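Please look through the structure below with its aromatic side chains in mind. The paragraphs that follow lead from one ring pair to another and then to the charged groups beside rings.

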Amino acid sequence: MVVSAILLFALFVGNNVANSYSKVITSFLCGTGENFSGAEVVLEASDDLCRKIGDDSIVLLKNENNALPINDLKRVNLFGWGATDEGFLLKGVGSGSSTISTKKQVTLLDAFDEADVKYNYEVIDFYNEFGAKNGSTVRKNSNLGASNGYRLDEPSVDELKPLMANAKEFSDVAIFVISRCGGENMGDCPAEYLDITAEEKATLDLLKSNFGTVIVLLNTTNTMHAGFLEDEGIDAALYVGITGQSAASAIPRILKGETNPSGKLADTMTYTNEYDPTYVNISKGSNQYVEDIYFGYKWYETADVEAFFDSVSNEYGAGYDGVVQYPFGYGLSYTTFEYSDLAI
């Protein structure tokens with residue numbers, strides 16, 4: 001019994017020691033077993049995939065009078081804090097967000113550099129200085145704290161006006177980037193967070209009065225209320241979402257017509273939360289799915305059939321058209337399609 005006890009104790013201690021040094025022991029007896037000879041090929045293939053996902057998923061929301069593509073696009077003015085490397089969002093927030101290598105990431109500015117489309121450095125430098133002065137770096141690409149993640153920083157129109165003369169001379173095309181971050185551990189976003197701010201609206205008005213072509217990029221983790229896109233002065237709009245490692249490279253390709261936008265919305269974009277049961281339920285203090293399956297398009301399409309929106313009449317339209325701006329599956333293209341002989 002004594003011998004057995006000693007052996008059991010030795011096995012217990014030995015097992016724990018061996019477990020602690022398992023990697024060293026395995027490496028000594030078997031080698032590392034690691035082979036990185038094909039890593040570069042795999043990494044290159046993964047980057048190609050990221051770029052293709054951008055080509056396939058960015059959604060063309062608006063293209064008034066075929067403003068896009070601009071085949072001879074050589075120079076642009078990029079406006080908005082979201083256009084800068086600090087402001088443009090590559091990912092959301094939290095443990096579920098992607099980890100992106102800084103060596104491989106492609107920001108919006110990187111994408112235009114790659115595409116050989118010149119952007120106005122004076123405007124970008126202005127926004128960088130504004131960000132440094134006002135602490136706008138709270139919306140940089142790293143994870144954000146709940147206390148500052150929903151800050152929205154845009155300069156006043158009066159600060160932008162001195163840039164207009166040189167900007168118009170640089171290019172007749174203005175691109176305005178609107179960014180909204182979101183994710184885990186940021187708390188509930190404010191109700192107005194999904195609407196544009198007064199400064200953003202004023203900036204759009206300034207751009208419309210100074211440039212021949214005005215394009216909006218929605219760089220957001222959540223769908224926004226985008227009724228402002230109905231303005232005739234906005235020529236085109238792309239929903240780019242968050243672009244991950246290198247999907248931003250698709251943006252100038254789409255603008256130039258080298259890539260035909262084919263993305264479709266995976267959500268429903270409405271003008272307001274007023275008719276959304278999930279919004280009404282959560283505002284009453286419930287965090288349960290009391291609406292059962294009727295959220296997203298399942299709610300809006302069913303409610304329309306049930307005549308729930310018949311009393312709606314506003315500046316956007318009547319009934320369903322006054323509630324839903326861009327339905328689930330929406331997305332324009334540079335291609336014209338014709339259907340015939342359809343039957344149900």
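In this predicted model, a good place to begin is Phe308, which is partly exposed because its relative accessible area is 47%, a value between the 20% and 50% cut-offs. Phe309, by contrast, is buried, with a relative accessible area of 1%. The rings of Phe308 and Phe309 have centres 5.6 Å apart and planes at 80°, so this pair counts as edge-to-face, given that an angle over 60 degrees is required for that label. Phe308 and Phe309 also belong to a cluster, linked by ring pairs, that includes Tyr275, Trp299 and Tyr300.

The count of aromatic pairs in the model comes to 11. Among them is the pair formed by Tyr119 and Tyr121, whose ring centres lie 5.0 Å apart and whose planes meet at 50°, so that the pair is described as tilted. The two partners can also be placed by their accessibility: Tyr119 is buried, at a relative accessible area of 7%, whereas Tyr121 counts as exposed, at 53% relative accessibility.

Rings in this model also have charged groups placed over them, as two arginines show. The charged end of Arg75 sits over the ring of Phe170, at 4.0 Å from the centre of that ring. For Arg180, the ring in question is that of Tyr193, and the charged end of Arg180 sits over this ring at 5.6 Å from its centre.

Methods:
Residues numbered from 1 in each chain as written. Predicted model: local features only at pLDDT ≥ 70, side-chain atom pairs only at ≥ 80, totals over all residues. Heavy atoms only, no water. Phe/Tyr/Trp six-rings, centres within 6.5 Å; stacked < 30°, edge-to-face > 60°. Buried < 20%, exposed > 50% of the residue type's maximum accessible area, 1.4 Å probe, protein only. Lys NZ or Arg CZ within 6 Å of the ring centre and 35° of its normal.
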